[in-house]
Amino acid sequence: ADAWRSLLFVLLTAAAVGLMIVRPAWRGAAVALAGVLVAADLWGVDVRYLSSDDFVSPRRQQWTPSGADKLILGDTTPGFRVLNLTVSPFNDATTSYFHRSVGGYHGAKLARYQDLIERYLTSMDEGVLDMLNTRYLIRFDPTGQPVAELRATANGPAWFVQEVVDADTPQKEIDALGRIDTKTAAVINTREFDIRPLIGGEGEIRLEEYRPNYLRYEYTATAPGTAIFSEIYYKDGWTAYIDGIETPYFRADYLLRGMELPAGTHTVEWRFRAPGWNVAEGVTLASSLAILAGIIATVILVLRHERRQK
């Protein structure tokens, strides 16, 4: 059937081209006919895979916040996360529609986060929930309605630690998480990152601005120290700055970010820019300019040809 269909479109397109050759004055109509044929061909094949029956009203796809969601949305504290226990937390992404979720789902999983899920989060380990800044749980009440439960023990978006547990393998790192108080201690592979973490810093670290690709913290410390940031460590693309000066950072607590901070009052910024972005941007710009130049050159040549014909 497709062979006969294709033959029909070939013949009709050939007729449009023949019309253009035989009757140059009808060139516009012939081009329009060819365009209609192309559109009809594409539409006929496309609806086999995505027909009108596959579309639904946008209203059916809107998520309505529950009473628990509304209560949590009223909390303007930046940076906290929510663990929704009324759904399968690590196989459902609907919580992320309203909140920064501890759970969620994606086919491409971060290996270390999956390790954390299997080792600690499925058993609701309090220390690990605290270091992920899990401020709220959503549970069912006795009547079956979702309710928000405040966890006042969450560590916050960032904090100073007074002890460092050295672990030289990933297995030792994840094992140590179950033994430490994540509020005062951190697990760091000092050999991998070639550091000697500073101990003794005390102070408050506040998250002042949060965007998916930009975070800004303000802090005041009485002495230099090691701070843990409740964000996933991902070295490709993330750059850290203290008062505008690029500063190295390292992985802590198996999958979070750590940084040595000087004493005093300072600003810490985290910026994300995809690796190779500048190159990709340059290639895109050059390609766009080449296409634009080609279009302009074509228009000029066509206009010159028409003038010569007259």
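A salt bridge, as the term is used here, is a side-chain nitrogen of Lys or Arg within 4 Å of a carboxyl oxygen of Asp or Glu. With that in mind, and remembering that this is a predicted model, begin by selecting Arg 139 and Glu 149, whose side chains meet in such a bridge with 2.9 Å from N to O. Arg 139 lies in strand β2 (residues 134-140) and Glu 149 in strand β3 (residues 146-150), so the pair ties together parts that are 10 residues apart in sequence. Arg 139 is partly exposed, at a relative accessible area of 33%, and Glu 149 is also partly exposed, at 34%.

Next, select Asp 130 and Lys 183, which form a salt bridge whose closest N and O atoms are 2.9 Å apart. This pair links distant parts of the chain, since Asp 130 belongs to helix α5 (residues 126-131) while Lys 183 sits in the loop between α6 (170-177) and β6 (185-188), 53 residues apart. Is Asp 130 buried or exposed? With a relative accessible area of 6%, Asp 130 is buried, whereas Lys 183, at 34%, counts as partly exposed.

A third pair to display is Glu 218 with Arg 216, again a salt bridge, with the closest N and O atoms 2.9 Å apart. Here Glu 218 has a relative accessibility of 18% and counts as buried; because the limit for buried is under 20%, the value of 24% places Arg 216 among the partly exposed residues. To see salt bridges joined into a network, select Arg 112, Glu 173, Glu 192 and Arg 251 together. A search of the whole structure finds 22 salt bridges.

Now turn to the nonpolar interior. The largest nonpolar core has 52 residues, and the members that touch the most others are Leu 132, Leu 261 and Trp 270. Helix α4 (residues 111-121) gives this core its largest share, five residues. Centre the view on Leu 132 and show its surroundings: leaving aside neighbours within four places in sequence, Leu 132 is in contact with Arg 81, Val 102, Tyr 113, Leu 116, Leu 121, Ser 230, Leu 255 and Leu 256. Another core lies apart from the largest one and has six residues, among them Ala 68, Val 82, Tyr 136 and Ile 138.

From Leu 132, move to Leu 116, one of its contacts, which is found in helix α4. Leu 116 is buried, with a relative accessible area of 0%. Beyond four places in sequence, Leu 116 touches Leu 121, Val 128, Met 131, Leu 132, Ile 174, Leu 177 and Leu 255. Adding Tyr 254 to the selection shows a pairing across the sequence, for Leu 116 and Tyr 254 are 138 residues apart along the chain and 8.5 Å apart in space, from C-alpha to C-alpha.

The last stop is Asn 133, in the loop between α5 and β2. Asn 133 counts as buried, at 4% relative accessibility. Which backbone oxygen does the side chain of Asn 133 reach? The partner is the backbone oxygen of Gly 79, at 3.2 Å. To complete the view, show the residues that Asn 133 touches when those up to four places away in sequence are not counted: Gly 79, Phe 80, Arg 81, Ala 154, Asn 155, Gly 156, Pro 157 and Ser 230. Among these, Arg 81 and Ser 230 will be familiar from the surroundings of Leu 132.

Definitions and conventions: Residues numbered from 1 in each chain as written. Predicted model: local features only at pLDDT ≥ 70, side-chain atom pairs only at ≥ 80, totals over all residues. Heavy atoms only, no water. Helix = DSSP H or I, 4+ residues; strand = E, 2+ residues; numbered from the N terminus. Buried < 20%, exposed > 50% of the residue type's maximum accessible area, 1.4 Å probe, protein only. Core = buried A, V, L, I, M, F, W, Y, C linked by side-chain atoms within 4.5 Å. Contact = heavy atoms within 4.5 Å. Polar contact = N/O pair within 3.5 Å; in protein donor to acceptor, adjacent residues only side chain to side chain.
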